Amino acid sequence: MRDIAVFSGTAHPELAAEICTHLDVPLHPVRVSRFANDCLEVQLQANCRERDVFLIQPLVPPVQEHLVELMLMLDAARGASAGRITVVLPHYAYARSDKKDAPRISIGGRLVADLLVAAGADRVLAMTLHSPQVHGFFSVPVDHLHALRELAEHFRGYDLRDTVVVSPDLGNAKEAAAFARMLGTPVAAGAKQRFSDDRVRINAVIGDVVDRDVIVLDDEIAKGSTMIELMDHLRDLKVRSIRLACTHGLFSADALERLSSQDGVLEIVCTNTVPIPAAKRVPKLKVLSVAPALAEAMRRIHNGESVSALFG
């Protein structure tokens, strides 16, 4: 593939290397250094002039560090006369800050989108944004991928005759319904109230899950509080087994251990949009790769082909 230059920040170089393997292009080196006053400096160590530049960087902890690193990469590419700069955001952490749900509160999803565009982004390639309106926060074209195909392909390996896909809340019900259609199963949803970042209450499960195997689907799992609350209700309804699935396996603190130790949990499935340290992994965890999907989308963007056709 000619006239393409791919760079990665320090957030998830393993994913970037896998993407480049599928594209059959090199992953060009990036030098990130720190001054004595704690400021970062970035140097892209390959020619960018008039090239189609892709910068791969999920916003994962430390989020602010990786965000500044990405903006410096953008500035460096723009200063090096890149022909076009595409930010590849496998995980956009600020997508959860998408509305004003309290007085005098910031809307980080929109602000960070503005910052990325101001720094030099010409377009964005994202994976499973937290809510549809985040797409509109960017004033440049956004190609929004999802990982439902990868997740569905994994679960098709099971006997799904008595399976129900369950969304933890009504906000994710549309995504869960699309996933259920892929698998040919019914769908159900939890009625959730959120009181804080780690305190939720699920009052009921809408749909028939009694004596069924369930696949709980969410866009991301961080602390796991919602999943644990939902599983309490599912066990009360006498489900036979539980499998958890998400795109972004953030799994902060001991979330993986807490989830895998819950009664009835057979498997936890996520993708590699964010890095999961080996020390955190548990036997019930299965990590699927989205590198082929991201690589194909990047190839189509570079060649001026339809990205939406990937979901046809």
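Where does Ala180 lie? Ala180 sits in helix α5, residues 173-183; helices here are DSSP runs of H or I with at least four residues, strands are runs of E with at least two, and both are numbered from the N terminus. The model is a predicted one, so to speak of local features a pLDDT of at least 70 is needed, side-chain atom pairs count only at pLDDT 80 or more, and totals for chains, interfaces and linings use all residues. Residues are numbered from 1 along each chain as its sequence is written, and side-chain values use heavy atoms, with hydrogens and water left out.

Back to Ala180: this residue is buried, at a relative accessible area of 2%. Buried means under 20% relative accessible area, exposed means over 50%, and partly exposed is in between, with a 1.4 Å probe and protein chains only. Setting aside neighbours within four places in sequence, Ala180 is in contact with Val165, Thr185, Pro186 and Val187, where contact means heavy atoms within 4.5 Å. Ala180 and Thr273 are 93 residues apart in sequence, and their C-alpha atoms are 22 Å apart in space.

Thr273 itself is found in the loop between β14 (265-271) and β15 (285-288). With 0% relative accessibility, Thr273 counts as buried too. Its partners, not counting residues up to four places away in sequence, are His12, Leu15, Pro58, Pro90, Met127, Thr247, His248 and Val290. From Thr273 to Pro29 the C-alpha separation is 20 Å, with the two positions 244 residues apart in sequence numbering.

Next comes the N-terminal part of the chain. The UniProt record (an unreviewed entry) places the feature "domain: Ribose-phosphate pyrophosphokinase N-terminal" at residues 5-120; UniProt positions are given in the numbering used here, feature names are shortened, and annotations may be inferred rather than shown by experiment. Over residues 5-120 the chain is 34% helix and 23% strand, and the C-alpha atoms at the two ends are 16 Å apart.

Two helices pair up in this stretch. The axes of α2 (residues 63-79) and α3 (residues 108-119) come within 8 Å and cross at roughly 25 degrees. Axes are lines fitted to C-alpha atoms, for helices over the stretch in contact, and angles run from 0 to 180 degrees between N-to-C directions. The two helices are therefore roughly parallel to each other, given that angles under 35 degrees count as roughly parallel, over 145 as roughly antiparallel, 65 to 115 as roughly perpendicular and the rest as oblique. On the α2 side the contact is made by Leu67, Leu70, Met71, Leu74, Asp75 and Arg78, and these meet Val112, Leu115, Leu116, Ala118 and Ala119 in α3. Sorted by type, the residues of this contact are nine nonpolar, no polar and two charged; Ala, Val, Leu, Ile, Met, Phe, Trp, Tyr, Cys and Pro count as nonpolar, Asp, Glu, Lys and Arg as charged, and the others, Gly among them, as polar.

What about the nonpolar cores? A nonpolar core is a set of buried Ala, Val, Leu, Ile, Met, Phe, Trp, Tyr and Cys residues joined through side-chain atoms within 4.5 Å. The largest one has 35 residues, and Leu74, Leu89, Tyr92, Leu116 and Phe138 touch the most other members. Two or more residues each come from β1 (4-8), β4 (40-44), β5 (52-56), α2, β6 (84-89), α3 and β7 (123-127), with α2 giving the largest share, seven residues. Leu74 is in contact with Leu55, Ile85, Val87, Leu116, Ala119, Gly120 and Ala121, leaving aside neighbours within four places in sequence. A second, separate core of 28 residues includes Val209, Met231, Cys246 and Ile268.Some backbone details round off the picture. Pro61 and Pro62 are joined by a cis peptide bond with omega of about -5 degrees, and Pro62 is in the loop between β5 and α2. Asp24, in the loop between α1 (13-23) and β2 (27-28), has a positive phi near 60 degrees and is exposed, at 66% relative accessible area. Asp211 also has phi near 60 degrees and is partly exposed, at 45%.
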